[in-house]
Amino acid sequence: MEQQNITAAERIKSFAYLLVFSLAVWLALTSSVEIQEVGVGIAISVVVALWLSRYYFRLGLPPFSAKRVLFLFIYLVVLGAEILKANFDVAYRVIHPKMPINPGIVVIKTGLKSDIAKMALANSITLTPGTFTLDIIGDNLLIHWINVKAEEVEGATEAIGERFEKYLKVIFE
Amino acid sequence: MLIAGAIITSTGTIFLFLGSLGIFRFPDVYNRLQAGTKCTTLGAFLTIIGVGIMQPDWFLKALLIALFILLTNPISSHALGRAACKTDVPLCEQTVTDKSQEFEDCRRQAQ
């Protein structure tokens with residue numbers, strides 16, 4: 001793997017993020033504020049953050065900003081609504097005696113550039129109504145669709161990818 | 001608290017049941033994966049959150065486990081679907097369109 005040059009400032013910043021994040025997870029898991037447990041938690045978080053801060057920037061995560069957090073929050077709400085819809089949609093198809101499925105495999109295109117943004121998009125597509133990511137090459141995604149509405153690339157992209165892409169673009173790029 | 005948690009947990013089990021019913025009813029591996037991904041994600045999420053609500057001490061732990069499932073479930077299903085696609089598992093008869101050939105062209109262009 002290609003060795004990236006990371007400046008000391010970036011290194012310290014990613015160390016701080018990871019420290020706060022792992023400490024938060026620790027506190028949630030132990031759910032106690034006893035001095036011993038918190039002490040062990042801080043020690044482990046420092047070790048984990050020191051170890052992983054080298055890899056954090058290679059993930060391509062963008063710097064932290066208020067706008068990104070706001071969009072992340074909106075994105076999570078949209079995703080939650082879509083997950084609920086997906087469940088009722090699939091449940092309906094399962095219960096219906098005639099099983100109204102119209103499946104097919106389509107290709108869609110994405111405008112996202114970074115790998116982590118594409119991963120988030122692919123996972124969101126898998127969690128939403130009737131669509132399922134099978135493979136990614138470059139900016140093409142292969143999608144299994146349980147109820148095909150548009151066979152061509154443009155129509156399918158509009159129906160499947162667009163609703164998440166606008167949020168992911170702000171969050172990751 | 002106990003009743004609210006019990007209601008949420010039972011809703012979750014209903015979705016889990018529908019997911020497993022879908023695995024029996026749907027015709028091919030891709031459609032079965034659709035049922036196996038969607039219903040089990042919400043089903044497991046609600047079941048675990050419901051337990052967390054019944055036992056408020058466990059709520060944060062339950063939330064962490066539920067978020068972990070939400071993040072990892074699509075990845076495991078994607079791995080299964082991709083493997084099925086790569087080994088040419090056939091599509092069912094109702095399938096209306098298959099664009100995987102076009103996708104193979106993209107792969108060749110990328111190389």
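**Exercise 1. How many residues does the contact take from chain B and from chain A?**

Solution. The model is a predicted one, in which local features need pLDDT of at least 70 and side-chain atom pairs count only at pLDDT 80 or more, while totals for chains, interfaces and linings use all residues. Residues are numbered from 1 along each chain as its sequence is written, and chains are lettered from A and ligands numbered from 1 in the order in which they are written. With two residues taken to be in contact if their C-beta atoms, placed from the backbone, lie within 7 Å, the contact draws 39 residues from chain B and 35 residues from chain A. On the side of chain B that touches chain A, at least two residues each come from helix H1 (2-25), helix H2 (29-54), helix H3 (59-86), strand S1 (97-98) and helix H4 (100-110) of chain B; here helices (H or I, at least four residues) and strands (E, at least two) are DSSP runs, numbered from the N terminus.

**Exercise 2. State which strand of chain A is joined to S1(B), and in which sense.**

Solution. Strand S1 (residues 104-109) of chain A runs parallel to S1(B), and two bridges join them; strands pair if DSSP finds at least two bridges between them. Within this pairing, A:Ile105 has B:Asp98 as its bridge partner.

**Exercise 3. Compare the span of H3(B) with its expected value, then locate its bend and its buried residues.**

Solution. The expected span of a helix is 1.5 Å times one less than its number of residues. For the 28 residues of H3(B) this should give 40 Å, and the end C-alpha atoms are 41 Å apart, which agrees. Next, the bend, defined as the angle between axes fitted to the seven residues ending at a residue and the seven starting there, is about 30 degrees at B:Thr72, with the proline B:Pro74 following within four residues. A residue is buried if 20 or more other C-beta atoms lie within 10 Å of its own, with C-beta atoms placed from the backbone; in H3(B) the buried residues include B:Ala66, B:Asn73 and B:Pro74. The buried residues of H3(B) pack against helix H4 (115-127), strand S2 (131-137) and strand S3 (140-145) of chain A, together with H2 of chain B.

**Exercise 4. Describe how S2(A) and S3(A) pair.**

Solution. S2(A) and S3(A) pair in the antiparallel sense over six bridges, and A:Asp135 stands opposite A:Leu142 in S3(A). Two residues lie between the strands of this hairpin, in which A:Gly138 takes a positive phi near 55 degrees.

Conventions: A residue is buried if 20 or more other C-beta atoms lie within 10 Å of its own, exposed if 12 or fewer, and partly exposed in between; C-beta atoms are placed from the backbone.
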